[in-house]
Amino acid sequence: MAEHQLNPNTWIDKYSDYLFNYTIVRVDDREIAKDIVQETFFAGLRSMKNFKGEASERTWLISILKRKIIDHYRKINSNKGKAEVRMAYNSDSETEGDWLEERVADPYAENAENKIENNELGKAIQNCLSKLPEKQATIFRMKTIDGFDTETICNEFDITASNLWVIIHRARTAMAACMEKNWF
Amino acid sequence: MKKDYNIFIPCDEAQHVCDKSQYNEASLLEKIKLSLHLAFCKVCLQYNRNNTKLTAVIKKSNSQESLHLELSEKNSLQSMFEKELRK
């Protein structure tokens, strides 16, 4: 018998805040985050038959949500970004991870002081991210904030692992300089 | 493929390994090479410090930020979901 089972009647109560919080940090728009969460629940309903019971209900929903967030990133990234990267490092990608195996940290352990500081910190990060070129920001966000593996990002953007690391390097350098100025 | 056993690496490679190690994707050998490089390269040492700091603040922001749906938003989501559930 499967280790975990799905009970869609409790999804909204149990997971809507968690999924919403997970999404809004990544898309930075309340309305879009709400739409993505709703689409995730609907997609979950449609693909219930694919649930094998190996992952927890929440992990399974998060794996669907991550796909939806990728779709959103893909939508907002225009084709002009595809020509951006030409320089290369010597490195091969290593595949790792599986959608159902990915785990996310629980964000609900905090005190009020941390929360205030963290709102400010979140704003500073978003502000620095907004100064990066669009494609660079999206890839940095996917790799660093969302924790997508190298292969998934390379497939989504049709780039090599070397290109990805060049983008990450540029983004990290710019982000560190920006945060140095505004936060550290 | 021929393996690179040269223990001394140039700055661009050191910074690349430093980036990879922020995502736990650097091998043990790469980390050793990086440590050796950092022992005599101040520029990369500074890059490494900034990079590590950046990872720490993003982790902090990522793990603690908490935003919730308003009750009305949750209710509206609930009713739309129930409609879908009945289909």
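Tutor: Ground rule before we start: an angle between helix axes counts as roughly parallel under 35 degrees, roughly antiparallel over 145, roughly perpendicular from 65 to 115, and oblique otherwise. Keep in mind that this is a predicted model.

Student: Why are helix 1 and helix 2 of chain A called oblique to each other?

Tutor: Helix 1 covers residues 11-27 of chain A and helix 2 covers residues 30-46, and they pack at about 135°. That angle is none of under 35, over 145 or 65 to 115 degrees, so it belongs with the rest, the oblique ones. Helix 1 and helix 2 of chain A are therefore oblique to each other. Their axes are 9 Å apart, and the crossing of these two helices is right-handed.

Student: What makes up the contact between helix 1 and helix 2 of chain A?

Tutor: Contact here means C-beta atoms within 7 Å. From helix 1 of chain A, the residues include A:Leu19, A:Phe20 and A:Ile24, and from helix 2 of chain A they include A:Ile36, A:Val37 and A:Phe41. By class, this contact has 10 nonpolar, four polar and two charged residues.

Student: How do you know whether helix 1 of chain A is enclosed or not?

Tutor: Count its buried residues, where buried takes 20 or more other C-beta atoms within 10 Å. In helix 1 of chain A, 12 of the 17 residues pass, so the helix is largely enclosed by the rest of the structure. Among them are A:Trp11, A:Tyr15, A:Tyr22 and A:Arg26. Just after this helix, A:Asp28 takes a positive phi of about 55°.

Student: Why does A:Thr138 count as buried?

Tutor: The cut-off is 20 or more neighbours within 10 Å. A:Thr138 has 25 C-beta neighbours inside 10 Å, so it counts as buried. This residue is in helix 5 of chain A, and beyond its neighbours within four places in sequence, A:Thr138 is in contact with A:Tyr73 and A:Asn77. A:Ile70 is 68 residues away from A:Thr138 in sequence, yet their C-alpha atoms are 9.6 Å apart.

Student: What makes a set of residues a nonpolar core?

Tutor: The members must be buried residues of the nonpolar kinds, joined through C-beta atoms within 7 Å. The largest core has 45 residues, and A:Leu19, A:Leu61, A:Leu65, A:Ile139, A:Ile168 and A:Met175 touch the most other members. Elements giving two or more residues to this core include helix 1, helix 2 and helix 7 (161-182) of chain A, along with helix 3 (42-64) of chain B. Take A:Ile139: setting aside neighbours within four places in sequence, it contacts A:Ile153, A:Phe157, A:Leu164, A:Ile167 and A:Ile168. Apart from the largest core lies another, of six residues, including B:Cys18 and B:Tyr47.

Student: What makes the pattern of chain A α-α-α-α-α-α-α?

Tutor: Chain A has seven helices and zero strands, so the elements run α-α-α-α-α-α-α from the N terminus on, helices and strands being DSSP runs. Chain B has four helices and zero strands, and its pattern reads α-α-α-α.

Student: How many residues of each chain are buried, as a percentage?

Tutor: Buried residues make up 35% of the 184 in chain A, and 29% of the 87 in chain B count as buried. As for contacts at a separation of 6 or more, residues 24 or more positions apart account for 78% in chain A, while in chain B the share is 55%.

Terms used. Residues are numbered from 1 along each chain as its sequence is written. Chains are lettered from A and ligands numbered from 1 in the order in which they are written. This is a predicted model: local features need pLDDT of at least 70, side-chain atom pairs count only at pLDDT 80 or more; totals for chains, interfaces and linings use all residues. Axes are lines fitted to C-alpha atoms, for helices over the stretch in contact, and angles run from 0 to 180 degrees between N-to-C directions. A crossing is left-handed if the near helix is turned anticlockwise from the far one by less than a right angle, and right-handed if clockwise. Two residues are in contact if their C-beta atoms, placed from the backbone, lie within 7 Å. Ala, Val, Leu, Ile, Met, Phe, Trp, Tyr, Cys and Pro count as nonpolar, Asp, Glu, Lys and Arg as charged, and the others, Gly among them, as polar.
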